[in-house]
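Here is a short briefing on helix packing. Please look over the model before reading the points.

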Amino acid sequence: MESKHMKIFSGMSNHPLFEDVCDYLDVSPGQMEITRFSDGEIFVDIRESVRGSNVFLIQSTCPPVNENIMELLVITDALKRASARSITAVIPYYGYARQDRKVQPRAPISAKLAADLIVVAGASKIVTMDLHAGQIQGFFDVPVTHLYATPVIINHLREKYPNGELVIVSPDAGGVERATEFADRTHSEIAICYKRRPAPNVAQISNIIGDVEDKHAVIVDDLVDTAGTATEAARVLLSKGAKSVSLCCTHGVLSGPALDRINNSDIDEVIITNTIPQQENQKKSEKITVLSIADLIGEAIRRTALGESISALFT
């Protein structure tokens with residue numbers, strides 16, 4: 001898809017995904033150098049003309065979150081000042097999304113703050129995937145295309161469980177809508193974990209609503225961070241008679257004790273996508289399967305550039 005009016009650039013957050021997207025689109029990666037001064041400040045040198053071009057900038061705001069957000073802002077500003085016609089920020093993983101409301105009287109809404117910064121820097125459109133809360137789309141004062149990794153994950157589940165016998169499990173009441181969509185597409189039953197948080201980062205699951213006996217339980221969520229809820233849910237699901245437990249999440253944040261918890265848990269498989277690049281020790285885990293969303297991102301970019309429907313990708 002060569003076009004002199006479309007160019008694709010990326011920050012440093014997820015270069016393998018960037019290269020895979022360029023391969024799907026059969027376009028050359030945009031030429032840019034990112035360096036840091038001795039005090040840590042970021043400097044960007046865009047080494048080709050973008051004047052009058054429709055630019056797509058791929059950058060996940062994953063850990064290190066603040067570094068990657070700042071890099072996104074600096075590159076966007078550089079593209080704007082280089083007279084790009086439009087700048088579409090393609091953010092496969094949107095950091096700070098869990099801070100989408102005031103949880104106490106003097107708390108920030110950091111998801112809104114990050115959205116404001118990205119728009120002020122010069123982004124004219126946003127493409128992102130599986131936001132933690134759908135209402136975050138409204139935090140941006142520019143058009144937002146919200147993608148879902150559902151088709152990629154469901155294809156994997158169909159190959160792994162060709163005979164069905166699945167039950168889709170929501171880890172809490174807030175995830176029921178997502179679990180219902182998975183259940184509808186896999187023709188499965190649904191179950192819900194009854195979860196309480198007695199303290200921050202501590203999950204207690206006291207019961208399961210729904211029948212999981214003699215079925216392969218698949219927990220679905222938008223992200224897995226420390227894996228505390230998932231490993232606790234797996235223990236309870238197996239005690240209720242589930243044959244096996246898998247976890248499906250779009251974003252594998254996997255911070256802190258996540259890897260040890262997963263490796264030592266009753267979970268058979270943790271299925272994530274490559275919206276966030278995995279560290280070497282995570283790649284060695286036999287329990288973690290990483291699915292690629294490069295083709296999905298690439299197709300969304302192609303359709304955005306050509307003005308075609310995005311929703312048709314998910315019907």
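Helix 1 (residues 15-25) packs on helix 9 (residues 294-306) at about 55°, with the axes 8 Å apart. Axes are lines fitted to C-alpha atoms, for helices over the stretch in contact, and angles run from 0 to 180 degrees between N-to-C directions. The model is predicted: local features need pLDDT of at least 70, side-chain atom pairs count only at 80 or more, and totals for chains, interfaces and linings use all residues. Residues are numbered from 1 along each chain as its sequence is written, and side-chain values use heavy atoms, without hydrogens and water.

**Helix 1 and helix 9**
- The pair is therefore oblique (not under 35, over 145 or 65 to 115 degrees).
- Helix 1 contributes Leu 17, Asp 20, Val 21, Tyr 24 and Leu 25 to the contact (heavy atoms within 4.5 Å).
- Helix 9 contributes residues including Ile 297, Gly 298 and Arg 302.
- By class, this contact holds seven nonpolar, one polar and four charged residues.

**Helix 2 and helix 3**
- Their axes come within 8 Å and cross at roughly 25°.
- The two helices are therefore roughly parallel (under 35 degrees).
- Leu 72, Leu 73, Thr 76, Asp 77 and Lys 80 of helix 2 meet Leu 117, Ile 118, Val 120 and Ala 121 of helix 3.

**Helix 2 itself**
- Helix 2 covers residues 65-81; its 17 residues should span 24 Å at 1.5 Å a residue (times one less than the number of residues), and its end C-alpha atoms are 24 Å apart, which agrees.
- Its buried residues (under 20% relative accessible area, 1.4 Å probe, protein chains only) include Asn 68, Glu 71 and Leu 79.
- Ser 83 follows helix 2 with a positive phi, near 70°.

Key. Helix = DSSP H or I, 4+ residues; strand = E, 2+ residues; numbered from the N terminus. Buried < 20%, exposed > 50% of the residue type's maximum accessible area, 1.4 Å probe, protein only. Nonpolar A, V, L, I, M, F, W, Y, C, P; charged D, E, K, R; others polar.
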